[in-house]
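Open your viewer, colour the chain in whatever way you like, and follow along. We will go from one selection to the next.

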Amino acid sequence: MSLHPTLQPYADAWTHSIEAISELVQPLPEADWNRRTPCPGWSVRDIVSHVIGLDCEMLGDPRPIHTLPRDLFHVTNDHQRYMEMQVDVRRHHTAPEMTAELEYTIIRRNRQLRNESRDPGTKVRGPLGTELTLEESMRRHAFDVWAHEQDLRSALGRPGNLDSPGAYIARDVLLDELPHVVAEKAQAPRSSAVVVDVHGPVEFLRTIRVDIQGRGTLETAPALGPAVTLTLDWETYLRLACGRVTPDAVTDHVKTEGDTGLAAAILRNFTVTK
């Protein structure tokens, strides 16, 4: 295996999630491919199409030449339009076509990973012509595939893998966005602190400190007398941060202490995926 040690955890997480997705969808009858998922506007088929499309782009395949219909009301920005292309082009594919393409894509990606010898800092193509490092690309991809595995599990009533390798990568990806949520989006007061306490299959406690310039930083040390403390379970944290539910829908699962206005502002801005 020539994969750089820094990249190995992301490859392992992707492998775990993509194999779980394959196992979930292989036996599905045709009707179940049309089930709605928590991902806005997407069915089971659409999620699998998206995952296939992401991996095809990681392989360097050309993007499909396709015109999106005008009535996709869940598509509202350029990033969503970009992601929708790989989905819409497969919307009329049958269950056998979907599973066959998924399996073929997994085989190709496994071969690519076995032969991957590039440095983690190598620049690669990202969505919408952006450029990012190979490490960040693989990290984001591992998170995305795991999050969509959870969408499929929710739609199919097959919960699981909330503490798999991808879950810990998802935790870190989502936590990276918390300082921006608290300090900039929710406009937490300067020289204040917000504590997020998460329990369940993945447990963590983090403090977001806002300095005198209004910049937010993430810390593992607890804060004395925080402006707000949010306590919630890991699955609820994930669903909120990925935009799968609204704060109003999960009030029974989120306990807030401190400044109620700031707590509400943080929860309103909790979604960090595009």
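## First stop: Asp-88

Start by selecting Asp-88 in this predicted model. Setting aside neighbours within four places in sequence, Asp-88 is in contact with His-66, Thr-67, Leu-68, Pro-69 and Leu-72. Asp-88 belongs to helix α3, which covers residues 78-88. Is Asp-88 buried or exposed? Its relative accessible area is 12%, under the 20% cut-off, so Asp-88 counts as buried.

## Zoom out: the whole chain

Now show the whole chain as a cartoon. You should find 9 helices and 7 strands. The radius of gyration is 20 Å, close to the 19 Å that the globule rule gives for 274 residues, so the chain is as compact as a globular protein of that length. Its C-alpha atoms fill a box of roughly 55 × 40 × 35 Å along the principal axes. Of the 274 residues, 49% count as buried.

## Helix α6 and its cover

Next, select residues 165-176, which make up helix α6. If you set a distance between its end C-alpha atoms, expect 18 Å; this agrees with the 16 Å that the 12 residues should span at 1.5 Å a residue. Buried residues in α6 include Gly-166, Ile-169, Val-173 and Leu-174. What covers the buried residues of α6? Show α1 (8-25), α5 (134-156), α7 (178-185), β4 (204-210), β5 (216-219) and α8 (234-241), which are among the elements that do.

## Into the core

Which residues have the most contacts inside the largest nonpolar core? Select Val-25, Trp-234, Tyr-237 and Ile-266; the core itself has 76 residues. Helix α5 gives the most to this core, with 10 residues. Stay on Val-25 for a moment: beyond its neighbours within four places in sequence, Val-25 touches Trp-33, Val-44, Val-48, Thr-99, Leu-102 and Leu-152.

## Last stop: the aromatic rings

The whole structure holds 5 aromatic pairs. Show Trp-146 and Trp-234 as sticks: this pair is stacked, at 6.0 Å centre to centre with 20° between the planes. Trp-146 lies in helix α5 and Trp-234 in helix α8, so the pair ties together parts that are 88 residues apart in sequence. Both Trp-146 and Trp-234 are buried.

Then add Tyr-237 and Phe-270. Their ring centres are 5.1 Å apart and their planes stand at 85°, so this pair is edge-to-face. Tyr-237 is in helix α8 and Phe-270 in the segment after α9 (260-268), so the pair ties together parts that are 33 residues apart in sequence. Finally, add Phe-204 to see one aromatic cluster formed by Trp-146, Phe-204, Trp-234, Tyr-237 and Phe-270.

Key. Residues are numbered from 1 along each chain as its sequence is written. This is a predicted model: local features need pLDDT of at least 70, side-chain atom pairs count only at pLDDT 80 or more; totals for chains, interfaces and linings use all residues. Side-chain values use heavy atoms; hydrogens and water are left out. Helices (H or I, at least four residues) and strands (E, at least two) are DSSP runs, numbered from the N terminus. Buried means under 20% relative accessible area, exposed over 50%, partly exposed in between (1.4 Å probe, protein chains only). Contact means heavy atoms within 4.5 Å. The expected span of a helix is 1.5 Å times one less than its number of residues. A nonpolar core is a set of buried Ala, Val, Leu, Ile, Met, Phe, Trp, Tyr and Cys residues joined through side-chain atoms within 4.5 Å. The radius of gyration is taken over C-alpha atoms; the globule rule is 2.2 Å times the number of residues to the power 0.38. Rings of Phe, Tyr and Trp (its six-membered ring) pair if their centres lie within 6.5 Å; planes under 30 degrees apart count as stacked, over 60 as edge-to-face and the rest as tilted.
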